[in-house]
Amino acid sequence: MTAAADLAPSGDSLAAECGACRRCGLAETRQQVVVGRGNPNARLLLVGEAPGAEEEACGQPFVGRSGRLLEAMLAAAGLSSEQDLYIANVIKCRPPGNRKPSRAEIAACRPWLERQIALVRPQLVLLVGATALEALLGIRGGITRLRGQWLQLETSQGPDQLAPSQASQRQPTPSPRSPLRWPDQGEGGIALMPLLHPSYLLRNPSEAEGSPRWLTRADLVAVRDRLGRDPCLG
Ligand code: SF4
């Protein structure tokens with residue numbers, strides 16, 4: 001099955017399987033699952049934390065206040081969320097009260113994210129917020145320090161064999177406990193960039209040089225430039 005077919009919002013594959021999932025307690029309180037949106041054939045995958053109330057209501061990630069800010073910042077950088085990205089979350093069901101998901105919930109939901117990564121086969125991954133950074137690379141804390149830096153994940157050893165502890169990175173070695181499996185992307189590997197979460201940017205509205213928003217805008221321009229520069233990503 002193609003990525004487009006399996007990730008179709010109204011399709012009866014991944015969305016339906018997630019909708020029937022009861023691997024964690026969030027199934028008890030959800031109204032519906034929120035799987036993903038955007039272009040399933042994009043080379044850029046954006047991974048956030050979990051759906052909030054507005055996302056749950058319409059079944060799409062990043063459509064609430066945080067999502068609208070993210071959309072505006074992507075557009076300002078010349079990136080289209082419909083064409084250039086596929087957008088997903090670590091967690092597919094809304095945690096009550098928009099609390100941070102637990103480690104057990106992240107672990108329970110990880111197979112769905114692995115399925116999405118395997119279907120999209122991204123070459124660039126944006127880790128939006130601390131939860132995505134921890135869930136995908138096992139790095140706890142450090143989002144402020146790591147944001148805007150490219151982390152290179154070598155995948156030449158083949159699919160289902162690479163743990164992030166084997167990643168080649170310029171910055172801290174991820175915890176070896178992180179079990180996320182990545183599809184093989186050939187010699188190019190997968191480049192990941194942590195970004196500040198737009199909910200944090202909503203709480204920090206300054207646009208002054210050096211502010212969180214200013215830094216994030218610069219980070220997204222760097223992402224756009226890499227997409228345009230690398231012929232494999234164009
Ligand atoms: S959050 Fe993930 S693991 Fe938990 S019930 Fe929803 S889809 Fe299943």
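Reader: The expected span of a helix is 1.5 Å times one less than its number of residues. What span should helix H4 have, then, and how far apart are its end C-alpha atoms?

Author: This is a predicted model, so take every value as computed from it. H4 covers residues 65-76, and its 12 residues should span 16 Å. The end C-alpha atoms are 17 Å apart, which agrees.

Reader: Which residues of H4 are buried?

Author: Ser66, Gly67, Leu70 and Leu74. Seen down the axis of H4, these buried residues fall within an arc of 95 degrees, so they line one face of the helix.

Reader: And what is on the other side of H4?

Author: Arg65, Ala72, Ala75 and Ala76, which are exposed there. After the helix comes Gly78, with a positive phi near 85 degrees.

Reader: Switching to the ligand. How many residues surround it, and which are closest?

Author: The ligand has 15 residues around it. Cys21, Arg23, Cys24, Cys93 and Cys109 are the closest.

Reader: How does that shell divide into nonpolar, polar and charged?

Author: There are 11 nonpolar residues and 4 charged ones, with no polar residues.

Reader: Which element gives the largest share of the shell?

Author: Helix H5, residues 103-120, which contributes 4 residues.

Reader: What does the span of H5 look like against the expected one?

Author: Its 18 residues should span 26 Å at 1.5 Å a residue, and the end C-alpha atoms are 25 Å apart, which agrees.

Reader: Where does H5 bend?

Author: At Arg110, by about 40 degrees. A proline, Pro111, follows within four residues.

Reader: Which of its residues are buried?

Author: Glu105, Ile106, Ala108, Cys109, Trp112, Leu113, Gln116, Ile117, Leu119 and Val120. Cys109 also belongs to the group closest to the ligand. Just after H5 sits Arg121, which has a positive phi near 50 degrees.

Reader: Now the loops. Where is Pro96, and is it buried or exposed?

Author: Pro96 is in the loop between strand E3 (85-89) and H5. It has 11 C-beta neighbours inside 10 Å, so it counts as exposed; the cut-off for exposed is 12 or fewer. Its C-alpha atom is separated by 7.1 Å from that of Thr29, although the two are 67 residues apart along the chain.

Reader: And where is Gly25?

Author: Gly25 lies in the loop between helix H2 (14-19) and strand E1 (36-38). With 15 other C-beta atoms within 10 Å, it is partly exposed. Along the chain it is 79 residues from Ala104, while their C-alpha atoms are separated by 9.7 Å.

Reader: Last topic, strand E6. Why is it described as largely enclosed?

Author: Because 6 of the 6 residues of E6, residues 190-195, are buried, the strand is largely enclosed by the rest of the structure. Both of its faces are covered. Ile190, Leu192 and Pro194 are buried on one side, and Ala191, Met193 and Leu195 on the other.

Reader: Which strands pair with E6?

Author: E4, residues 124-128, runs parallel to E6 and is joined to it by 5 bridges. E5, residues 151-153, pairs with E6 in the antiparallel sense over 3 bridges.

Reader: What are the partners of Val125 and Gln152 in E6?

Author: Val125 has Leu192 as its bridge partner, and Gln152 stands opposite Ala191. Leu192 and Ala191 are on opposite faces of E6, both of them buried.

Terms used:
Residues numbered from 1 in each chain as written. Predicted model: local features only at pLDDT ≥ 70, side-chain atom pairs only at ≥ 80, totals over all residues. Near = placed C-beta within 6 Å. Helix = DSSP H or I, 4+ residues; strand = E, 2+ residues; numbered from the N terminus. Nonpolar A, V, L, I, M, F, W, Y, C, P; charged D, E, K, R; others polar. Buried ≥ 20, exposed ≤ 12 C-beta atoms within 10 Å, placed from the backbone. Pairing = 2+ DSSP bridges. Bend = angle between axes of the 7 residues up to and from the residue. Arc of directions from axis to C-beta.
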